[in-house]
Each structure stands twice: as structure tokens, then as C-alpha cells.
Amino acid sequence: MNRSWRTALSAGITALTLTFGVTAFTEPAYSAEPSSNGNGATSEESGGSDDTGIYAAARITYSGSVAPNGGSGNVTSADVNWTPPPCWYAPYLGAKDFKKKMSQDIESQMGAPGMGGHAGAALSELKRHYEDEYGWTDTPGYKDYNVDKDGEGMFWAAVENPNEPDVLKRSSCNDLPFWVDNGEAPPPQYEQAITPEILAALAYQHMQLPDTEVSLAPEQTTKVNLPTWAWLDKAVFDEVQATAAIDVPGFNLQATTTARPVSLTLEPGTDDAVTYPASGECLINNDDSIGEPYARGKADRTPPCGITYLRSSGNGTYNLQATITWDISWTGTGGAGDDLPDGTFGNGQAVTVQEIQSVNR
């Protein structure tokens, strides 16, 4: 079988007969509530059975500082070309359970009215593939759904990322379910098979960074041409972690993605302002704080991190945007690890700027 026919068979069968796989694998995994500092939050997911008695498909679980209910977190990648994986392949069912589910689905579809032509031929080929060892160059067939190896491995199937908005990308993992022995790596042609690196990217996608309000002096209301000091204490400015894991018999992977704050960028909300430093980017200090708290006696000094507004906000306010840049990296099963693109997350703060009132005598 050539690659084009294999892809057509796979896509056609996915649409016709593998809806059980799509349904099982696009449900959001359970997710932890975000914690204040990224530590201590956990989520658990137990195995079980559906109404057919089939062992539930393994799902990715998340812990740490992550968005609730499987949603995307609030991190924006500084690399506009970086995206989380839209789909992947992961363990699905053991041999006996896969046979029960797949054979029932094939028989049901083959018995449907009008099922003939290419669709009927594709179903027949699919049945031969899992029952009669019908395969092709890099994909061997199976004898009776590999039931003689039940408990020694699992069939893997495509998983769609429910947070990927592009349906074409989400459904691009369209190979047929394939067998992987316990403790063995998936065949090399399945480049999107789940790995610690994929788990790290998913943890990045689900990571929830804390809302951090910058300390200002003067606070909320300042004066034209009066320097406003800005800072973040170490106590409220700490690293954040999110972990993604998958655990099934014979297969366990996990990855922890860590975000460390490195700088604060101030955008005054108006062009009539001067930032300190001029770039508006305040780097982290040696004690892991940013900027310097204002104290009595510093009124004549230029703040190391801050803003001077040059014009009143009138009857309104300026929307000061304070965006924190986070250095993001990951570690995972087997000692794997690497860097991920920097992430950013910003908050808006309303600042009132008043004219300095003078008294004429």
C-alpha cells in the first residue's frame, strides 16, 4: 500500500469508524485550580469504564499553576511562530478492549444503508488490517487485534488538542491506531507520538501566571512632571510551575514547565510620558525584586523603574500596562529538558494624573 492510499484510508476510516477515538480524546482533561505561587495544586484522574465496559482512555493530567477545567492559561509566547501541538498520539486501549470497540464499530458501519463503493472498500481493508495481518511498508498488520499480546502493550490513537482553534491542524494526526509494546518507544514514523517535550508544551499552554499588581508611589493618583516610582517585591514575584503527565500500564511520562520572572515592561498609556529606564524595561535585581520601593527622602531622585507623566489625564485615567516577561524552561522524564520561548503576561492599572496646583498671591 502506498502512502497516499494509506492516508486516504486513514482519513476515511477516521471519519467513518473512529468517532469513538475522537470523542474520547477531545474531552478536556481534568485540571487543577491555579495556585497563588504555582506550588501545591494537584489534579487526579482515575481509570474507569464506559457503558460498554471498555477501560477509559488515558488522558493527560495537569497540576501546579494551571487554568481550571482544561482551559488555556494566560501566557502569551514572545515567539509569534511558536504554537502548542495541535494533536498527538497517545495510549488508548489494550488489545481485547480495542478489539471489542473497533470490531463493533466496523460491523455497525458496514451494515449501514448505502455503505458501498470506496467507503465500503476502505472498511474491508481496515478489517483486514486488524484481523488478517494486512499491512504495508512501515505498518505491519495485526492478527486478531493482537489479543494474544493483551496486557503486554496498548494500541495508540490520535488525540486532538481541544484548545487548538484550527480544525485542520487539530485533525492532522490521522494515522490509524497502532500497537506499542510496554516499555518500548512508538515506531519512528509517528513523529507526533506523545513525548516529554509535547507534555512540556501542553503545560506551557495551560500555565496560569499570577495577576501581579505593580506597587506605585504616588499610588493611583500622581502629578504632572512628578516621577512615579514602580517596583515589585520578591515576595510577590516568584517562579511558577505547571506539570503535565500521562500514566497508563507500561507507560508513564511527565514534564514540568517552569516560568521565572526576568523583567517588567511599563507602558504609560499615553505618549505624553517618560519611562525609566527609557526603554520601559526594568530588569530583575540581584535579590529577585524589580525596581526600588519609594521612601522618604527620594523625592529628588530619578527612579530606577518608573514613569513621569507630562500631561494631566483630565477627567479620566491613563491605563498603565505592566507586562512581566518570564523565562520558561522544562524538565521531564529521563532527564530531558530544554528552553521554551519566553512568555509574557500583563495587567492594566488605572492612573490618575493631575496638574500641580499653584497659588497666586
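Residues with under 20% relative accessible area are taken as buried, those over 50% as exposed, and those in between as partly exposed. The structure described here is a predicted model. Under these cut-offs Lys149, with a relative accessible area of 24%, is partly exposed, because 24% falls in the range between buried and exposed.

Lys149 takes part in a salt bridge with Asp181, in which the closest N and O atoms are 2.8 Å apart. Asp181 belongs to strand E5 and Lys149 to the loop between H4 and E4, so the contact ties together parts of the chain that are 32 residues apart in sequence. Asp181 is likewise assigned to the partly exposed class, at 30% relative accessibility. In total, the structure holds nine salt bridges. Side chains of opposite charge can pair when their charged atoms come close.

Another of the salt bridges is formed by Arg311 and Asp272, with 3.7 Å between the closest N and O atoms. Here Arg311 is placed in the loop between E14 and strand E15 (318-332), and Asp272 in the loop between strand E10 (251-267) and E11, so parts 39 residues apart in sequence are tied together. Asp272 counts as partly exposed, its relative accessibility being 30%.

A salt bridge also links the side chains of Arg301 and Glu292, at 3.2 Å from N to O. Through salt bridges with shared partners, Glu292, Lys298 and Arg301 are joined into one network. Within this network, Arg301 has a relative accessible area of 40% and is partly exposed. Glu292 is also partly exposed, at 22% relative accessibility.

Two disulfides are present in the structure. In one of them, the sulfur atoms of Cys87 and Cys173 lie 2.1 Å apart. Cys87 is part of strand E3 (residues 87-93), whereas Cys173 is in the loop between helix H5 (167-170) and strand E5 (178-181), so this disulfide ties together parts 86 residues apart in sequence. The link of Cys87 and Cys173 is right-handed, with 80° about the S-S bond. Both ends of the link fall in the buried class: Cys87 has a relative accessible area of 2%, and Cys173 has one of 7%.

Cys282 and Cys305 are also joined by a disulfide, with an S to S distance of 2.2 Å. Cys282 is located in strand E12 (residues 281-283) and Cys305 in the loop between strand E13 (290-291) and strand E14 (306-309), so the parts tied together are 23 residues apart in sequence. This link is right-handed, with 90° about the S-S bond. Cys282 and Cys305 are both buried. When bonded cysteines are counted along the chain, the disulfides follow the pattern 1-2, 3-4.

Burial also marks helix H6 (residues 196-206). Ten of the eleven residues of H6 are buried, so the helix is largely enclosed by the rest of the structure. The buried residues of H6 include Pro196, Ile198, Leu199, Ala200 and Ala201. Also among them are Leu202, Ala203, Tyr204, Gln205 and His206.

On the surface, a patch of negative charge is made up of Glu197, Asp338, Asp339 and Asp342. Strand E16 (residues 337-354) supplies the largest share of this patch, namely three residues. Asp338 is located in strand E16.

Several backbone features were also identified. The peptide bond between Ala217 and Pro218 is cis, with omega about 0°. Pro218 is situated in the loop between strand E6 (215-217) and strand E7 (221-223). A cis peptide bond is also found between Tyr276 and Pro277, where omega is about -10°. Pro277 is in the loop between strand E11 (273-276) and E12.

Positive phi angles occur at Asp144 and at Asn146. Although Asp144 is not a glycine, its phi is about 50°. Asp144 is in the loop between helix H4 (117-131) and strand E4 (153-160), and at 30% relative accessibility Asp144 is partly exposed. Asn146, also not a glycine, has a phi of about 65°. Asn146 is likewise in the loop between H4 and E4, but counts as buried at 11% relative accessibility.

Methods:
Residues numbered from 1 in each chain as written. Predicted model: local features only at pLDDT ≥ 70, side-chain atom pairs only at ≥ 80, totals over all residues. Heavy atoms only, no water. Disulfide = S-S within 2.5 Å. Helix = DSSP H or I, 4+ residues; strand = E, 2+ residues; numbered from the N terminus. Buried < 20%, exposed > 50% of the residue type's maximum accessible area, 1.4 Å probe, protein only. Patch = residues over 30% accessible without salt bridge, like charges linked within 9 Å, V, L, I, M, F, W, Y side chains within 5 Å. Areas by Shrake-Rupley, 256 points an atom, 1.4 Å probe, with all protein chains shown as cover. Salt bridge = Lys/Arg side-chain N within 4 Å of Asp/Glu carboxyl O. Lys, Arg positive; Asp, Glu negative; His and termini not counted. Charge placed at Lys NZ, Arg CZ, Asp CG, Glu CD.
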